[in-house]
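Visitor: Hi! I'm new to this one, could you walk me through it?
Guide: Happy to, let me bring it up.

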Amino acid sequence: MSERFETGMKVRRKILGDAHVDRAEAAKTAFDAPFQTLITEGAWGNVWASDRISDRERSMLTLALLAALGNFDEIPMHIRATARTGASKEDVLEAFQHVAIYAGVPRANHALKLAKETYAEMERD
């Protein structure tokens, strides 16, 4: 694999945790392997690996963008990642309040619902 892939896998494990990455890797097939390589190199090996902003800031940006664009399926995963990125519940609330103003209350409302459910699951574990 490429150096960017190796870097991406290290960052992915740091942010999402070994258990999550191990499950994703176990579910990978020949069909989606090229896609998994793309996101590992691009998202994790390039964007998340950059030291220009903190993991906390990147986490808040990611959650806001996911909510603003209506990409709700990945919000719980990125809420769980806040335990590793340092983004607090208050940070996430601020990010979603920006979503409400700039992208719409319904999207922010749904994102908050998912965040509350995910935080509750995290507290039970």
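Guide: We'll chat about salt bridges and then a surface patch; keep in mind that this is a predicted model.

Visitor: Sure. How many salt bridges does a search of the whole structure find?
Guide: Nine salt bridges turn up when the whole structure is searched.

Visitor: Which residue meets Glu-25 in a salt bridge?
Guide: That would be Lys-28, with the side chains meeting at 3.0 Å, N to O.

Visitor: And which residues are linked with those two in a network of salt bridges?
Guide: Arg-12 joins in: Arg-12, Glu-25 and Lys-28 are linked in a network of salt bridges.

Visitor: Is Glu-25 buried or partly exposed?
Guide: Glu-25 is partly exposed, because its relative accessible area is 24% and the partly exposed class runs from 20% to 50%. Lys-28 is also partly exposed, with a value of 28%.

Visitor: Let's move along the chain. What does Arg-80 form a salt bridge with?
Guide: Its partner is Glu-121, and the closest N and O atoms are 3.2 Å apart. This pair links distant parts of the chain, 41 residues apart.

Visitor: Where do those two sit?
Guide: Arg-80 is in helix H5, which covers residues 75–85, while Glu-121 is in helix H7, covering residues 105–124. Arg-80 is partly exposed, with a relative accessible area of 38%, and Glu-121 is partly exposed at 32%.

Visitor: Which residue does Glu-123 meet in a salt bridge?
Guide: Glu-123 meets Lys-89, and the N to O distance is 2.6 Å.

Visitor: Why does that pair tie together parts that are 34 residues apart in sequence?
Guide: Because Glu-123 lies in helix H7 and Lys-89 lies in helix H6, residues 89–102.

Visitor: Is Glu-123 exposed or buried?
Guide: Glu-123 counts as exposed, because its relative accessibility is 58% and the cut-off for exposed is over 50%. Its partner Lys-89 has a relative accessible area of 42%, so Lys-89 is partly exposed.

Visitor: Okay, new topic. Which residues make the nonpolar surface patch?
Guide: Leu-61, Leu-65 and Leu-69 make it, and the patch is about 310 Å².

Visitor: Where is the place of Leu-61?
Guide: Leu-61 is in helix H4, which covers residues 55–68.

Visitor: And is Leu-61 buried or partly exposed?
Guide: Leu-61 is partly exposed, with a relative accessible area of 48%. That value also fits its place in the patch, because patch residues need over 30% relative accessible area.

Visitor: Thanks, that helps!
Guide: You're welcome, enjoy looking around.

How values were computed
Residues are numbered from 1 along each chain as its sequence is written. This is a predicted model: local features need pLDDT of at least 70, side-chain atom pairs count only at pLDDT 80 or more; totals for chains, interfaces and linings use all residues. Side-chain values use heavy atoms; hydrogens and water are left out. Patches are made of residues with over 30% relative accessible area and no salt bridge: like charges are joined within 9 Å, nonpolar side chains (Val, Leu, Ile, Met, Phe, Trp, Tyr) within 5 Å. Accessible areas come from the Shrake-Rupley method with a 1.4 Å probe; for residues, only the protein chains shown count as cover. A salt bridge is a side-chain nitrogen of Lys or Arg within 4 Å of a carboxyl oxygen of Asp or Glu. Helices (H or I, at least four residues) and strands (E, at least two) are DSSP runs, numbered from the N terminus. Buried means under 20% relative accessible area, exposed over 50%, partly exposed in between (1.4 Å probe, protein chains only).
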